[in-house]
Amino acid sequence: MMIHAEDFLSALQTEQVQFFAGVPDSLLKELCACFSDKLAKDQHVIAANEGGAIGLAIGHYLASHQPALVYMQNSGLGNVVNPIASLADPQVYGIPMLLVIGWRGELNAHGEQIHDEPQHVKQGQITLSQLDVLGLPYQVMADDIDTAHAQIQALLQQAMTRQGPVALVVRKQSFAPYKPVKTTAAPASALAGKLPVLESREHMIGQIVSALPQDAAVVATTGMASRELFELRKAQQAGHGRDFLTVGGMGHASQIACGIALAQPDRQVVCIDGDGAMLMHMGSLTISAQQANLLHIVLNNGAHDSVGGQPTVAAQLALADIASAAGYAQVYSVSGAKQLNQLIPQVLRSGKSCLIEVLCRKGARADLGRPTRTPAQNKQDFMQFLTEVEYA
């Protein structure tokens, strides 16, 4: 059995939950789509990161006396440890709220791990233990709405009694398919009619790679970008040693790239980032902006593409202007592949820090594969490249 997202939302509203915030997850994409459809803008916020969503829930409770719902993938639990333990916990401010957590890398009834991507293996094993360590009462959601409603009711009562957070853990395929009514926005400049039809992210990654010198080290963000880069190198039979695929740790690719650039100041390092990832830990821009041999490229399609295509606020922002304020010596915003291909050699010759915002469209091809080499193999290949391939 699967639960319809509309019924789940109705159950929450029956229990007086009126505010929803979080970071999208593929296991919760039906629920996220329903929230975006059915809730007003002041009732639902797709947060920059999970810790920020906890902050929104705290503020909502302080002002309304009603607990909020915070949704996330279990990989986001690390981002909520501080605001839960140091703010929301009953021993501090005591803020009731309901966490809804997608259980990637889940364990079945026999304690065996269900197959998932490498970045979810460890997190899946420790998800329930993390909740135990945080002292969060939790239940694993049932597969029928009546039982799930009873779980919601019991957990919310527990949250109010203990004056603190509680959690509902959601297994894969718990929610039935939901067809969104509203459509998500393209980047604002495209909506304004200032740009032609945007090109695909994969095509833009191809243009980036073709414009880079052979000794450049590339760090790609989690999600579709890493998958598309891997497929591109495979199709070109170019090997994968030059690329570090940041398959987990959303928002940290730019700092990995910055660490490499600091350790090898004569090598050109390129970070291929995403708009959602950049927003998640945007303070990192101020650090990357100081590194002259780092080219930061942000692919902005205004969406969390790998977990359901939910919108990010980047669709309404000029990311290049933000980068300029953060200290990058050069900033550009481009929408055409030819323009991008010509721009990259120019900025590399300048020897100054640079961020390029690349506007592209949502979506990926249906037959897009996943990396066939393990993270450990990727690490070994990449470190060997950094050791053996000299930079110009």
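In which helix does Leu87 lie? The points below take up this residue and two others in what is a predicted model.

1. Leu87 belongs to helix H4, which covers residues 77-88. With a relative accessibility of 34%, Leu87 is classed as partly exposed, because that class lies between the limits of 20% for buried and 50% for exposed.

2. Leu87 also takes part in a nonpolar patch on the surface, together with Val92 and Tyr93. The accessible area of these three residues together is about 300 Å². Membership of such a patch requires over 30% relative accessible area, and the 34% computed for Leu87 may be read against that cut-off.

3. Ser288 is part of helix H12, residues 285-288. Its relative accessible area is 0%, so Ser288 counts as buried. Beyond the neighbours within four places in sequence, the contacts of Ser288 are with Ser254, Gln255, Cys258, Leu294 and Tyr328.

4. Ile322 is found in helix H13, which spans residues 319-326. Is Ile322 buried or partly exposed? The relative accessibility is 24%, and Ile322 is therefore partly exposed, since the buried class ends at 20%.

5. The contacts of Ile322, again without neighbours within four places in sequence, are Met278, Met282, Leu285 and Leu317. For one of these partners, Leu285, the separation along the chain is 37 residues, while the C-alpha atoms of Ile322 and Leu285 are 8.9 Å apart.

How values were computed
Residues are numbered from 1 along each chain as its sequence is written. This is a predicted model: local features need pLDDT of at least 70, side-chain atom pairs count only at pLDDT 80 or more; totals for chains, interfaces and linings use all residues. Side-chain values use heavy atoms; hydrogens and water are left out. Patches are made of residues with over 30% relative accessible area and no salt bridge: like charges are joined within 9 Å, nonpolar side chains (Val, Leu, Ile, Met, Phe, Trp, Tyr) within 5 Å. Accessible areas come from the Shrake-Rupley method with a 1.4 Å probe; for residues, only the protein chains shown count as cover. A salt bridge is a side-chain nitrogen of Lys or Arg within 4 Å of a carboxyl oxygen of Asp or Glu. Helices (H or I, at least four residues) and strands (E, at least two) are DSSP runs, numbered from the N terminus. Buried means under 20% relative accessible area, exposed over 50%, partly exposed in between (1.4 Å probe, protein chains only). Contact means heavy atoms within 4.5 Å.
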